[in-house]
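Please open the model in your viewer and keep the selection panel at hand. The tour goes from one selection to the next and says at each stop what is there.

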Amino acid sequence: MLPQLKVTRLLCSRQSFVASRAPLEDKRLCDGWSMTTARSARYGASAVNAGSMHGQKIRVVGSKASLEWWDEQPNQLRYEVQGEPVRILERGMGYLNPRALEEDRIGGGHTEGLFEAWSNLYRRFALAMDATDRRDTDFLQDFWYPDVHAGLMGVRWVAQCVKSADAGAVWVAC
């Protein structure tokens with residue numbers, strides 16, 4: 001989600017509340033630190049959240065502003081700038097960044113967002129494969145898509161989270 005944030009160290013904890021699920025966790029909390037940007041990140045996931053059927057939230061907190069998306073209100077993004085009132089950005093609106101509008105094919109108010117997200121992802125893969133076949137390195141230089149390196153980084157990240165948690169929630173290198 002944040003390809004520019006290069007996490008260099010992690011500290012993770014995990015818990016299993018339901019014995020039959022162990023050693024898999026029901027709750028995970030990870031803190032990350034980027035040496036290159038001097039920024040931190042926190043990731044939390046839980047399969048036990050009483051009373052919350054659809055509790056997926058993504059929150060990115062920066063030094064001057066934060067963003068939050070919640071699957072219960074998928075058409076909206078909370079944008080909070082320090083010292084200013086909260087803004088609710090609606091999907092498909094003309095005030096959004098053109099790059100955001102590029103990925104929105106159906107506009108706001110539709111529940112098909114998950115299918116559209118996958119479709120956008122597959123479209124990016126197709127564009128990257130086409131550019132690779134044409135040897136269009138200029139296009140690929142600035143074009144984002146989750147490539148094999150992103151997948152490998154994700155697998156490494158999970159492995160290091162497990163390593164940190166198993167060692168008693170200690171900082172480990174990524």
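Begin by selecting glutamate 80 and arginine 59 with their side chains shown: in this predicted model, the two meet in a salt bridge, with N and O 3.4 Å apart. Glutamate 80 belongs to strand E6 and arginine 59 to strand E4, so this pair ties together parts that lie 21 residues apart in sequence. If you colour by accessibility, glutamate 80 comes out as buried, with a relative accessible area of 18%, whereas arginine 59 is partly exposed at 39%.

Keep glutamate 80 on screen and add arginine 78, which also forms a salt bridge with glutamate 80, the closest N and O atoms being 2.9 Å apart. Arginine 78 is partly exposed, and its relative accessible area is 31%. Now add glutamate 68 to the selection, and you have the four members of a network linked by salt bridges, namely Arg59, Glu68, Arg78 and Glu80.

Which strands carry this network? Switch to the cartoon and select residues 57–61, which are strand E4, together with residues 65–70, which are strand E5; the two pair in the antiparallel sense over five bridges. A hairpin of three residues joins E4 to E5, and across this pairing arginine 59 stands opposite glutamate 68 of E5. Next add residues 76–81, strand E6, which pairs with E5, again in the antiparallel sense, over four bridges. Here the connection from E5 to E6 is a hairpin through five residues, and the bridge partner of glutamate 68 in E6 is arginine 78. Glutamate 68 of E5 therefore has arginine 59 of E4 opposite it on one pairing and arginine 78 of E6 as its partner on the other, where a pairing needs at least two bridges between the strands.

Stay on E5 and select leucine 67, which lies in this strand. Is leucine 67 exposed, partly exposed or buried? At 34% relative accessibility, leucine 67 counts as partly exposed. Show the residues around leucine 67, leaving out those up to four places away in sequence, and you will find that leucine 67 touches Ile58, Arg59, Val60, Leu77, Arg78 and Tyr79. A distance label from leucine 67 to valine 81, C-alpha to C-alpha, should read 8.9 Å, while the two are 14 residues apart in sequence.

For another salt bridge, select arginine 87 and glutamate 84, whose side chains meet with N and O 2.2 Å apart. Both partners are partly exposed, arginine 87 at 35% relative accessible area and glutamate 84 at 37%. In total, the model holds seven salt bridges.

The last stop is helix H4, residues 148–166, which has 19 residues and reaches 27 Å from its first C-alpha to its last, close to the 27 Å expected at 1.5 Å a residue. Colour its buried residues, which are Gln160, Cys161, Ser164 and Ala165, and turn the view to look down the axis. Seen this way, the buried residues of H4 fall within an arc of 130°, so they line one face of the helix. On the other side of H4, select Val148, Val155, Arg156 and Asp166, which are exposed. Finally, move just past H4 to glycine 168, where the backbone takes a positive phi of about 95°.

Notes:
Residues are numbered from 1 along each chain as its sequence is written. This is a predicted model: local features need pLDDT of at least 70, side-chain atom pairs count only at pLDDT 80 or more; totals for chains, interfaces and linings use all residues. Side-chain values use heavy atoms; hydrogens and water are left out. Buried means under 20% relative accessible area, exposed over 50%, partly exposed in between (1.4 Å probe, protein chains only). Contact means heavy atoms within 4.5 Å. The expected span of a helix is 1.5 Å times one less than its number of residues. The arc is that of the directions from the helix axis to the C-beta atoms.
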